[in-house]
Amino acid sequence: MEPIKTIQDLIDCYKKLPGIGFKTAERLSYATLNLSPEEREEFIKALDDATNKVKRCPECGTFFDTECPICSDPKRNREQIMVVSDSKDILTIERTNGFKGHYFTLKGTLSPLKNRTPDEIGIPVLRKKVETDKVKELILALPTDMEGETTALYIANIYKNNPDIKVSRLAYGIPVGTNLEYLDNLTIAQSIRGRVIINEKDNKDHE
Ligand SMILES: [Zn+2]
């Protein structure tokens with residue numbers, strides 16, 4: 001027997017979430033029906049608050065409800081920016097406690113095939129932030145796939161002949177083709193320490 005329409009609607013909502021197939025969506029839907037009235041209120045309020053009160057920081061892309069905990073922290077170093085392509089990576093890096101600078105989240109990585117241009121992913125905004133905040137170092141924490149590499153090289157090239165701005169990227173410890181969210185804290189912390197400069201003038205590969 002098919003679930004009645006009201007339940008089917010709930011199942012369809014759960015199915016919109018990543019990693020949730022029909023079976024899980026069905027299980028979650030029936031579990032939701034079994035919540036006590038108090039739990040149901042709590043559930044609805046949390047969903048409502050999360051979708052209505054949470055904003056994305058215009059500077060770094062982190063989610064926040066009152067003020068961005070990273071950008072508003074005066075102890076953090078504005079002259080050092082970690083560039084990520086997905087704001088989820090910020091949380092992952094923050095958990096390592098290995099970085100005390102600021103962040104910038106690109107809207108994805110460069111991809112000619114998918115029509116993602118430098119303008120589209122926010123490179124001009126990044127350049128402006130570098131200028132305004134007198135940034136001295138950009139640490140690129142981008143995916144190690146082709147598109148991530150292309151983006152890293154593109155940014156390194158912008159500052160290739162600029163002696164005032166170092167461009168580095170996370171180095172060893174990260175397996176090729178892996179996203180940051182799947183890595184353990186130690187691996188990420190090690191990669192931050194072992195980052196390599198990629199916009200030095202004598203780097204023949206990138207000229
Ligand atoms: Zn922020």
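Trainee: Before we look at anything, what is a pocket here?
Mentor: A pocket is an open set of points on a 1 Å grid over the protein atoms alone, with protein on both sides within 12 Å along at least five of seven lines. Please also keep in mind that this is a predicted model.

Trainee: Okay, so what volume does the largest pocket have?
Mentor: Its volume is about 310 Å³.

Trainee: And which residues line the largest pocket?
Mentor: The lining is made of Leu10, Cys13, Tyr14, Leu17, Thr32, Leu33, Arg40, Phe43, Ile44 and Leu47. Two or more of the lining residues come from each of helix H1 (5-15), helix H2 (22-33) and helix H3 (37-52).

Trainee: Which element gives the largest share of that lining?
Mentor: That is H3, which contributes four residues to the lining of the largest pocket.

Trainee: How many nonpolar, polar and charged residues are in the lining?
Mentor: Sorted by class, the lining of the largest pocket has eight nonpolar residues, together with one polar and one charged residue.

Trainee: Let me pick Tyr14 from that list; is Tyr14 buried or exposed?
Mentor: Tyr14, which sits in helix H1, has a relative accessibility of 12% and therefore counts as buried, given that buried means under 20%.

Trainee: How far is Tyr14 from Val130?
Mentor: In sequence Tyr14 and Val130 are 116 residues apart, and in space their C-alpha atoms are 41 Å apart.

Trainee: Changing topic, which residues coordinate the zinc ion?
Mentor: The zinc ion is held by the SG atoms of Cys57, Cys60, Cys68 and Cys71, at 2.3 to 2.4 Å. Along the chain these donors follow the spacing C-x2-C-x7-C-x2-C, and both Cys60 and Cys68 are buried.

Trainee: Why is the arrangement around the zinc ion called tetrahedral?
Mentor: The angles that the four donor atoms subtend around the zinc ion run from 105 to 114 degrees, so the arrangement is tetrahedral. As a reference, the ideal angle for four tetrahedral donors at a metal is 109.5 degrees.

Trainee: How many aromatic pairs does the structure hold?
Mentor: The structure holds one aromatic pair. It is formed by Phe99 and Tyr103, whose ring centres are 5.3 Å apart and whose planes lie at 65 degrees, which means that the pair is edge-to-face. Phe99 and Tyr103 are both buried.

Trainee: What about the backbone, where is Asn115 and what is its phi?
Mentor: Asn115 is in the loop between strand S4 (101-105) and H5, and its phi is near 65 degrees, which is a positive value in a residue other than glycine. With a relative accessible area of 55%, Asn115 is exposed.

Trainee: And what is the phi of Lys134?
Mentor: The phi of Lys134 is near 50 degrees, again a positive value in a residue other than glycine. Lys134 belongs to the loop between helix H6 (123-132) and strand S5 (137-140), and its relative accessibility of 62% makes Lys134 count as exposed.

Trainee: Back to helices, is Ile121 in H5 buried or exposed?
Mentor: Ile121, placed in helix H5 (residues 118-121), counts as buried because its relative accessibility is 1%. The C-alpha atoms of Ile121 and Ala156 are separated by 16 Å, with the two positions 35 residues apart along the chain counted as their distance apart.

Trainee: Last one, where is Val167?
Mentor: Val167 is in strand S6 (residues 166-169), and at 0% relative accessibility Val167 counts as buried. Along the chain Val167 and Ile139 are 28 residues apart, while their C-alpha atoms are separated by 6.0 Å.

Conventions
Residues numbered from 1 in each chain as written. Predicted model: local features only at pLDDT ≥ 70, side-chain atom pairs only at ≥ 80, totals over all residues. Heavy atoms only, no water. Donors = N, O, S within 2.8 Å, 3.2 Å for Na, K, Ca; no water. Tetrahedral: all angles 85-135°; square planar, octahedral: opposite > 155°, others 65-115°. Buried < 20%, exposed > 50% of the residue type's maximum accessible area, 1.4 Å probe, protein only. 1 Å grid on protein atoms, 1.4 Å probe; cavity = no way out; pocket = protein on both sides within 12 Å on 5 of 7 lines; lining within 4 Å. Points joined across faces, edges and corners; volume = space filled by probe spheres on them. Nonpolar A, V, L, I, M, F, W, Y, C, P; charged D, E, K, R; others polar. Phe/Tyr/Trp six-rings, centres within 6.5 Å; stacked < 30°, edge-to-face > 60°.
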